[in-house]
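Good morning, colleagues. I would like to take you through several local features of one structure, beginning with a sheet and ending with two unusual backbone positions.

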Amino acid sequence: MNNIETYEFNDFKYVKDYDSSDHKAIIEHNKEKPKNIFKFYAISRFSIDALIKGYFYASHPIELNDTLDCSPFLWYTSKPIEIEQYKRLWGNILSDKELNEYFEEDCNKENLCKGFISNVYDTATNLFGIISTTGKENNPLMWPHYTQEKGFQIKFNTSELEKSIENKITDDEEYLGLYPINYSQKLSPIDVSAFRTMLVPLYYATNIKSEQWKYEDEWRFIVGKQNMGVPYTKSGLVQREDYIVDKANRYVYYDRDLVEEICLGHNFFNAREFEIEWLDEKNIRVKPRDIENNWEYKNQVLLLEYIFENLNDKLYYSGVKYELDDNEQHFLIRTKEKLGIKKTDNDSFVITRTDDIIRLMN
């Protein structure tokens, strides 16, 4: 028996070596890991808590922003699945008679093993989570899509972050890797009947995405834990209750000192949510408004206090400036400007512009 299973799609190869002491699969590709990766956040109590405590939320596939991403419909079978796989899944739950009856009912031309595939998907997605990052610091779509231009972006050294996540994984958890997304013109389902286990199909399903998302340049951490939960009620027309043991089971920790930079969105300091006073050409007093329609007041205060206390020398602001092309015509580019920050009193802060501006190109 061949103890190495592989599946190739585009320029990616999904591999499981059953002779290896490592029971994980791997994804082979020719993309070089970026030196830095970035995470974009909207302002919320969840994103601020994650920054302050140094963790990422490892999403269930249902929680991703593309219904086709990690979809169970990326699995199908062209022929009956071996009963041994049914035994591995239900052997300790069903009697031999019950198991054989269920196998005959589920694994036929009418049902195409849908019950098996659905249950394996539910079981597997309770045991892993996805952390999406990008290797691209600047793209005109990332700020509006993920922060509404009001949130923030954090920057990491890729290798240091990867080491930190792996080092903080506990004995009952597993670091499954950091991989680039396999962007594809067509999302082709994988025939699971060709594999001894569902590991190769699982890694494939977590890794393929429509090329319409290619602008994101996504690099995805995959982490495994017990009882990470399945949020069924977030999926359309599903009546099943959520299976949630502890939401914190989806938290994946890192050394928070690894944050190299934090960049606030261009519209973070807006007059609807902040009192803004220009003290002079460089210094601006800002204070989050404690008013009914500023739902993020407490989170804005928390974030600015954390930045002042911990990221004072790493603060940037997302800006815009004119450039001249070869024909002496103006065009707009995004920038980021280093800021100083001081806390004064009553949740007020003084932001100092430095004119230390970094030019960002797509």
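Let me begin with a single pair of residues: Glu5 has Lys16 as its bridge partner in E2. Please bear in mind that the model is predicted. The pair belongs to the contact between E1 and strand E2, residues 12–17, where six bridges join the two strands in an antiparallel arrangement. Taking a wider view, we find an open sheet of three strands, ordered E1-E2-E3, with antiparallel pairing. Its edges are strand E1, at 4–9, and strand E3, at 26–28, each of which pairs on one side only. From one strand to the next, the twist averages 25°. As a general reminder, the strands of a sheet pair through backbone hydrogen bonds, either parallel or antiparallel.

A second antiparallel pair lies further along the chain, formed by strand E16, residues 274–278, and strand E17, residues 283–288. Five bridges join these two strands. Here Glu277 has Arg285 in E17 as its bridge partner. How many residues lie between E16 and E17 in their hairpin? There are four residues between them.

I turn now to helix packing. Helix H1, residues 45–53, packs against helix H8, residues 297–310, at an angle of about 20°, and their axes are 10 Å apart. H1 is therefore roughly parallel to H8, since the angle falls under the 35 degrees that defines this class. The crossing of H1 past H8 is left-handed. On the H1 side, the contact involves Arg45, Ile48, Leu51 and Ile52, which meet Asn299, Leu302, Leu303 and Tyr306 of H8. By character, the residues of this contact comprise six nonpolar, one polar and one charged.

Finally, I would draw attention to the backbone at two positions. In general, most residues other than glycine have a negative phi. Which phi does Leu237 have, although it is not a glycine? The value for Leu237 is positive, about 55°. Leu237 sits in the loop between strand E13, at 218–224, and strand E14, at 251–253. Is the residue Leu237 buried or exposed? With a relative accessible area of 92%, Leu237 is exposed, because that value lies over the 50% cut-off.

The other position is Asp347, likewise not a glycine, with a positive phi of about 65°. Asp347 is located in the loop that runs between strand E19, at 330–343, and strand E20, at 349–360.

Thank you for your attention.

Definitions and conventions
Residues numbered from 1 in each chain as written. Predicted model: local features only at pLDDT ≥ 70, side-chain atom pairs only at ≥ 80, totals over all residues. Heavy atoms only, no water. Pairing = 2+ DSSP bridges. Axes fitted to C-alpha atoms, helices over the stretch in contact; angles between N-to-C directions. Parallel < 35°, antiparallel > 145°, perpendicular 65-115°, else oblique. Left-handed = near helix turned anticlockwise from the far one by under 90°. Contact = heavy atoms within 4.5 Å. Nonpolar A, V, L, I, M, F, W, Y, C, P; charged D, E, K, R; others polar. Buried < 20%, exposed > 50% of the residue type's maximum accessible area, 1.4 Å probe, protein only.
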